[in-house]
Amino acid sequence: MSSEVRVSVNALSKSYHIYAQPRDRLKQSIYTRLQRLAGRSVHQYYSEFWALRDVTLDVRKGETVGIIGRNGSGKSTLLQLICGTLNPSSGSVWTSGRIAALLELGSGFNPEFTGRENIYLNAAVLGLSKDEIDDRFDEIVFFADIGDFLDRPVKTYSSGMFARLAFAVAINVSPDVLIVDEALSVGDSGFQLKCMMKMRELQQRGLTILFVSHDTQSVIRFCDRAVVMNEGRVHFQSDDVQQCVKVYEKLTRYHQIAGGATPSGASPQDGTLTSQPADVSYAGELGSVQEERFGIGVARYVAIDMLSDLGESTNQFGPGETIQIVASVWSDQEFDGVAAGFSLRDKKGVDIAGDNNIYAGVSIRLRKGLTRIVFRVPLQLAPGEYFLFMGLATLDDKRIELDQRWPVRKMQIVSRRSVIGLSFCPAEIEVI
């Protein structure tokens, strides 16, 4: 990867003026000028909303950077400032080379024009001459694959067709920097896979990519580095993308627990529970992997074991063997219904298999005291190491996290039998 910087953001901020009513805008325009002329103190008729605050970030040539965060954290504002579609309130943005961006659907397209006409319009905006567009036109049409809709007004397109055409243009204008802001999420799974394969190809060619997505698994697989945004600021960034995803997931759950604010004294970066359960024990060694945990702790996992087909406690299993995950839950109060589930992840943090009682159609009621939950899972996994993650949440509208443990156990699939491909079956769940 080159050390050459393609995008440099320095102390970037963006504020918006929020007016309580339309006439306040007129007052701000006229009255403040009169107040200045009269030598009086100037009264503001608006409140300020800072969508972005003091963001500093460098992106190198050939680097793929994931930008993740909750809705409203400033991700899209940052990308629009980098693209130049917004002007900053303070700070600076410097870019090198041609930028192709997929921001909100339909941006850069005229809804009255056909798809064919919009290809020429959008590519021209991105800096191509007519001859260059003519040379690449067939490739754009082939990748978009929208059939007869090519000669229909884009106002008749579905959101997925919009994304197909916009992405096809963006990748065929030979950009130095590609910016993708959730635009691919509206496409079908086949198109998303096609786009990911294309972006892999562009990565190998040394293209710089800024990638915004709520699909954390795609961020882990695809990005070299990640930046976590929160409340308009860079909350965390690291070359360890999996750690960034953990921080993002903790932030999301803390906001759910606290009703929109991080609880005082609790840091989403350190994994602290808002109510730390005391009597926690589990068998097995995680090695160098440190368990992290959070939740309100009113109900919590106090013991988790894994049993083989023979009912033995073990961390080693053969492909095709049925594993029993026995989870003991202690609750300080009764719950008429909870969601309890597990996931198995590989060393990169990618989900391989998982299930919960909601998907399985099993009700779980927690009594005050101890409840045992058993997940029986047929393992159709390739040999290797996997990590067990456990979750417990309420079933009300807020879906409050009671306890999250990741990873709670390490398991190994040994090659006792041959396995072709990767597959998994849903778990059979029993409450004792």
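The following paragraphs go through a predicted model, from the whole chain to its helices, cores, sheet and individual residues.

The chain has nine helices and 19 strands. Of its 432 residues, 48% are buried. Taking contacts between residues at least 6 apart in sequence, 70% join residues at least 24 apart.

Helix α1 covers residues 22–37. With 16 residues at 1.5 Å a residue, α1 should span 22 Å, and the 24 Å between its end C-alpha atoms agrees with this. The helix α1 has a bend of about 35° at Gln28. Gln28 is also one of the buried residues of α1, the others being Asp24, Thr32 and Gln35. The spacing of such positions can be read against the helical repeat. An α-helix has 3.6 residues a turn, so residues three or four places apart point the same way. After α1 comes Gly39, with a positive phi near 75°.

The nonpolar interior comes next. The largest nonpolar core contains 51 residues, and the ones with the most contacts inside it are Ile119, Leu165, Phe167, Leu178, Met199, Phe211 and Val228. Helix α5, residues 159–171, gives the most to this core, contributing 10 residues. A second core, separate from that one, has 34 residues, among them Leu402, Val408, Ile413 and Ile429. Val228, named above for the largest core, can be followed further through its contacts. Leaving out residues up to four places away in sequence, Val228 touches Ile68, Arg233, Val234, His235, Phe236, Cys244, Val247, Tyr248 and Leu251.

The next subject is an open sheet. Four strands form this sheet in the order β11-β13-β16-β19, with antiparallel pairing. The edges are β11 (299–307) and β19 (428–431); each has a single partner strand, so one side of each is left without a neighbour in the sheet. From one strand to the next, the twist averages 20°. Strands of a sheet pair through backbone hydrogen bonds, either parallel or antiparallel.

The individual pairings can be located by residue. Eight bridges connect β11 with β13, residues 322–331, and the two run antiparallel. Within this pair, Ile325 in β13 is the bridge partner of Met306. Although β11 stands at an edge of the sheet, β11 is mostly covered, with seven of its nine residues buried. At the other edge, four bridges link β19 to β16 (residues 369–378), and these strands also run antiparallel. Here Phe375 is opposite Ile429 in β19. Ile429 is also included in the second core, a point where the sheet and the core can be viewed together.

A hairpin is formed by β14 and β15. Strand β14 (residues 338–345) is joined by five bridges to β15 (residues 351–356), and the strands run antiparallel. Arg345 has Asp351 of β15 opposite it. Five residues lie between the two strands, and in this hairpin Gly349 takes a positive phi near 90°.

Two residues have a positive phi without being glycine. Ser174 has a phi of about 55° and is found in the loop between α5 and β6 (177–181). Its relative accessibility is 46%, so Ser174 counts as partly exposed. Glu231 likewise has a positive phi of about 55°, and Glu231 lies in the loop between β8 (225–230) and β9 (233–238). At 53% relative accessibility, Glu231 counts as exposed because the cut-off for that class is over 50%.

Another backbone feature is the peptide bond between Trp406 and Pro407, which is cis, with omega about -15°. Pro407 belongs to strand β18, residues 401–413.

Arg53 completes the tour. Arg53 lies in strand β2, residues 47–60, and has a relative accessible area of 29%, so Arg53 is partly exposed. Not counting residues up to four places away in sequence, Arg53 touches Leu12, Ser13, Gly232 and Arg233. Arg233 is also listed among the contacts of Val228. Arg53 and Ser15 are 38 residues apart along the chain, and their C-alpha atoms are separated by 8.3 Å.

Key. Residues are numbered from 1 along each chain as its sequence is written. This is a predicted model: local features need pLDDT of at least 70, side-chain atom pairs count only at pLDDT 80 or more; totals for chains, interfaces and linings use all residues. Side-chain values use heavy atoms; hydrogens and water are left out. Two strands pair if DSSP finds at least two bridges between them. The expected span of a helix is 1.5 Å times one less than its number of residues. The bend at a residue is the angle between axes fitted to the seven residues ending there and the seven starting there. Buried means under 20% relative accessible area, exposed over 50%, partly exposed in between (1.4 Å probe, protein chains only). A nonpolar core is a set of buried Ala, Val, Leu, Ile, Met, Phe, Trp, Tyr and Cys residues joined through side-chain atoms within 4.5 Å. Contact means heavy atoms within 4.5 Å. Axes are lines fitted to C-alpha atoms, for helices over the stretch in contact, and angles run from 0 to 180 degrees between N-to-C directions.
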